[in-house]
Amino acid sequence: MTSTTTAPTSATIRVAVLGADGRMGRTTCAAVEAADGLELVARVEQGDDVTAVLAAAGAQVAVDFTHPSATETNVHAALDAGAHVVVGTTGWTDESRGRVADHLARRADEGLDLGVIIAPNFGLSAVLAGVFAAQAARYFESVEVIELHHPDKADAPSGTATHTAHAVAAARRAAGVAPSPDATESGWEARGADVDGVRVHAVRLRGLVAHEEILLGNVGEQLVIRQDSFDRASFMPGVVLAVREVVGRPGLTVGLENVLDLG
Ligand SMILES: NC(=O)C1=CN([C@@H]2O[C@H](COP(=O)(O)OP(=O)(O)OC[C@H]3O[C@@H](n4cnc5c(N)ncnc54)[C@H](OP(=O)(O)O)[C@@H]3O)[C@@H](O)[C@H]2O)C=CC1
Ligand SMILES: O=C(O)C1=N[C@H](C(=O)O)C[C@H](O)C1
């Protein structure tokens with residue numbers, strides 16, 4: 001059931017959380033309530049009319065931690081309500097991001113400069129791991145990505161690993177590096193997903209939260225870049241930062257590294 005509060009106070013950013021009953025939603029609601037200058041005005045759940053709830057609550061920023069099948073619809077509904085959006089949910093493609101960019105452009109034409117930040121990972125260790133991997137990628141003959149998660153996760157490979165693989169692939173293309181060598185002739189199902197030419201392996205294991213390794217190899221040497229989120233609290237500084245930033249950052253931003261000026 002949706003709950004809202006009314007009566008805006010001037011200096012605060014009014015925040016709605018979509019997927020409020022989920023693992024990330026619950027943690028985000030608590031982080032928003034604890035953060036200076038943020039006020040939690042709506043907890044939105046499956047079946048709610050997102051545009052109506054956000055408008056009634058006077059939400060300035062919607063934070064989406066729902067499901068890959070729902071997140072794009074939620075973002076359009078939030079933009080219809082005149083809210084900026086911070087998205088942590090995975091499952092985005094060039095096409096769905098393009099439709100959000102078009103929606104933002106239409107709102108800007110109507111005189112409303114809104115921002116959307118889509119970040120596959122809000123954890124600093126994961127953001128830095130992706131940036132470091134992209135920096136290192138051109139210097140190694142081989143690169144593969146392993147992501148490891150709790151077994152209740154809906155999607156594979158993870159949004160973070162997909163984002164990392166694209167960044168690594170782009171860096172290697174820009175530097176003219178050849179594809180990773182691979183003499184595999186059979187058993188391709190054991191070699192992981194092909195994401196932009198980079199092999200990505202997904203592990204699901206009880207006890208894990210969210211973890212990523214980028215393996216880079218040359219003759220006689222290996223570099224392993226690894227990050228671990230042991231607790232969902234690790235995502236919260238990034239979420240709070242994105243909420244504060246998005247109100248002054250019109251248009252679409254993809255990846256927290258760009259908010260942190262690491263991109
Ligand atoms: N960017 C980041 O740093 C992180 C991103 N994630 C991503 O966030 C997403 C959510 O993860 P997690 O919290 O673990 O998942 P959960 O399944 O724990 O929570 C998802 C919540 O969203 C609800 N929901 C589903 N569809 C809708 C909808 N259409 N409108 C509103 N609410 C909806 C679910 O309700 P119900 O149970 O009724 O279906 C549930 O309460 C995933 O895509 C995950 O990969 C996770 C961690 C960090
Ligand atoms: O589902 C999760 O838990 C996580 N999802 C995101 C992803 O798919 O990359 C971020 C983090 O890895 C946790």
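Two residues are in contact here if their C-beta atoms, placed from the backbone, lie within 7 Å. With that in mind, this predicted model can be approached through its domains: the domain assignment of the protein gives domain 1, covering 3–118 + 233–259, and domain 2, covering 124–230. The C-alpha centres of domain 1 and domain 2 lie 28 Å apart, and 11 residues of domain 1 are in contact with 10 residues of domain 2. On the side of domain 1 that touches domain 2, the helices α7 (236–246) and α8 (256–259) each supply at least two residues, and by class that side of domain 1 has 4 nonpolar, 6 polar and 1 charged residues.

A pair of helices comes next. The axes of helix α5 (residues 124–136) and helix α6 (residues 159–175) come within 8 Å of each other and cross at roughly 20 degrees; because angles under 35 degrees count as roughly parallel, α5 and α6 are therefore roughly parallel to each other. Their crossing is right-handed. From α5, the residues Ala 126, Gly 130, Ala 133 and Ala 134 meet Thr 160, His 163, Thr 164, Ala 167, Val 168 and Ala 171 of α6, and the residues of this contact divide into 6 nonpolar, 4 polar and no charged.

The ligand remains to be described. Ligand 1 is surrounded by 26 residues, of which the closest are Gly 19, Gly 22, Met 24, Ala 70 and Gly 88. Helix α1 (residues 23–34) provides the largest share of this shell, with 3 residues, while by class the shell around ligand 1 has 10 nonpolar, 13 polar and 3 charged residues.

Terms used: Residues are numbered from 1 along each chain as its sequence is written. Chains are lettered from A and ligands numbered from 1 in the order in which they are written. This is a predicted model: local features need pLDDT of at least 70, side-chain atom pairs count only at pLDDT 80 or more; totals for chains, interfaces and linings use all residues. A residue is near a molecule or strand if its C-beta atom, placed from the backbone, lies within 6 Å of it. Helices (H or I, at least four residues) and strands (E, at least two) are DSSP runs, numbered from the N terminus. Ala, Val, Leu, Ile, Met, Phe, Trp, Tyr, Cys and Pro count as nonpolar, Asp, Glu, Lys and Arg as charged, and the others, Gly among them, as polar. Axes are lines fitted to C-alpha atoms, for helices over the stretch in contact, and angles run from 0 to 180 degrees between N-to-C directions. Angles under 35 degrees count as roughly parallel, over 145 as roughly antiparallel, 65 to 115 as roughly perpendicular and the rest as oblique. A crossing is left-handed if the near helix is turned anticlockwise from the far one by less than a right angle, and right-handed if clockwise. Domain bounds come from an automatic or database domain assignment.
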